[in-house]
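Q: Could you take a close look at the ligand site in this model for me? I would also like to hear about the salt bridges, if you have the time.

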Amino acid sequence: MQIGLVGLQYSGKTILFNTIAGKEIDETLIGKDETQIEVVNVPDERLDKLTLLFNPKKKVSATIELYDTPGLKMSDDGKVKITSEFLNNVKNNDALFYIIRQFVDDTVPHPMNTVDPVRDIEFLETEFLFSDLTLLENRLQRLRKDVQKSKDEKLKMELPVVEKCYAHLEEEKPLRTLKLDDNQRKHLLGYQLLTLKPLIIGINVDENSINDVDEIAGSYKDKLVNLDAEIIPFFGKIEYELSMLEDEDKEAFMDDYGIKESALHKILRTSYKILGLHSFFTVGEDECRAWTIKQNYTAQQSAGAIHTDFYNKFIRAEVVHYEDYIKHGSFAKCKEAGAWRLEGKEYKVLDGDILNIRHS
Ligand SMILES: Nc1nc2c(ncn2[C@@H]2O[C@H](COP(=O)(O)OP(=O)(O)O)[C@@H](O)[C@H]2O)c(=O)[nH]1
Ligand SMILES: [Mg+2]
């Protein structure tokens, strides 16, 4: 699963990328248009706790792939333009993370000259919407012709879905806000539509506005209520400095600035959630591990996430929910309390289930 950091140049994408990756900023990359990729662990307190209890040789977290894409720049005519190279970069991402600049710093230029977060968000939304609209317009023309000529049932079913999307975009609404069922979505998979991708909007808040951060986040919620996006305020510069400190120094640093918690945890958890993912666990002396699955996965599909053999030779899943395990303290106690179950292949795995797959 890939998440792309996108936005204008100098909005704080690379600094956030490095913060999340726990890497020092590579000064030689500043100003260069290179895409960076990092596989990052999704923090999960439940996995931490299970690891404490089982004391395994290995702990393996769920992961997501984070992409730092080159930002949009002002071109020679003084305007910021979306390039096809930029769009191609963004298309492959499963979810988008707009990084929007709210911080004011005279030493850092802004490609549109002034700091105006709502304008920047609307700029990205409009450009992406236009890109989707153009793509579907071309597709519609061809589809309508093909449907008349061909007997292909798939094409016939695709046409109304594309028409529905097109009409929605014409009303200047992103496809994120259109109700589509799983079948309809299947027809759209190949298009990589930008406004259909789940969206997080990260507002890079000025470090001098720490006391007003809730108010600032709230003010965007009202303005952006029609976007169906998660809004997360963060302090780009402070978060980065914080990430470079040893654990014991972090608390003092946060006290100094008056911040209660790092935004990182929330960013990663939210990313995971908006991708429609959740986790189940496997536990033991060798390894405690969080496995990433789609929210509607069955026990058999979940077994397949571990190993294809487990899918093919699936018999049953032993299931205890994390909360029950913590409450009762052992699998034996869970059995006594009726919290230990054997489930068949159609069982819908819940977030936080601890599974042991029985297979032949
Ligand atoms: N004052 C301040 N500067 C920031 C903040 N976030 C990023 N910057 C600075 O803005 C510049 C551009 O940041 P960068 O992450 O490279 O932006 P990108 O072009 O979006 O990747 C760098 O010099 C950063 O140090 C912030 O929250 N406050
Ligand atoms: Mg950058």
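A: Happy to! A polar contact here is a pair of N or O atoms within 3.5 Å; within protein, one must be able to donate a hydrogen and the other to accept it, and residues adjacent in sequence count only if both atoms are side-chain atoms. By that rule, a backbone N or O atom of Ile15 sits 2.8 Å from an oxygen atom of ligand 1. Ser11 also offers a backbone N or O atom, 3.0 Å from a ligand oxygen, and a polar backbone atom of Tyr10 is 2.7 Å from an oxygen of ligand 1. On its own, ligand 1 exposes 580 Å², and the protein buries 81% of that (Shrake-Rupley method, 1.4 Å probe).

A word on the ground rules. This is a predicted model, where local features need pLDDT of at least 70 and side-chain atom pairs count only at pLDDT 80 or more, while totals for chains, interfaces and linings use all residues. Residues are numbered from 1 along each chain as its sequence is written, chains are lettered from A and ligands numbered from 1 in the order in which they are written, and side-chain values use heavy atoms, leaving out hydrogens and water.

Back to the site: 15 residues surround ligand 1 (a heavy atom within 4 Å), the closest being Tyr10, Lys13, Thr14, Ile15 and Glu207. Helix H1 (13–21) and helix H8 (236–243) each give two or more residues to this shell (helices are DSSP runs of H or I, at least four residues; strands are runs of E, at least two). H1 provides the largest share, three residues. By class, the shell has five nonpolar, six polar and four charged residues (Asp, Glu, Lys and Arg count as charged; Ala, Val, Leu, Ile, Met, Phe, Trp, Tyr, Cys and Pro as nonpolar; the others, Gly among them, as polar).

Now the salt bridges (a side-chain nitrogen of Lys or Arg within 4 Å of a carboxyl oxygen of Asp or Glu), which number 18. Arg269 pairs with Asp44, their closest N and O atoms 3.8 Å apart. This pair links distant parts of the chain, 225 residues apart: Arg269 is in helix H10, Asp44 in the loop between strand E2 (36–41) and helix H2 (45–54). Asp44 is buried at 8% relative accessibility (buried means under 20%, exposed over 50%, partly exposed in between; 1.4 Å probe, protein chains only), whereas Arg269 is partly exposed at 25%. Asp351 and Arg46 form a salt bridge too, at 3.3 Å from N to O. Finally, Asp44, Arg46, Arg269 and Asp351 are linked in a network of salt bridges.
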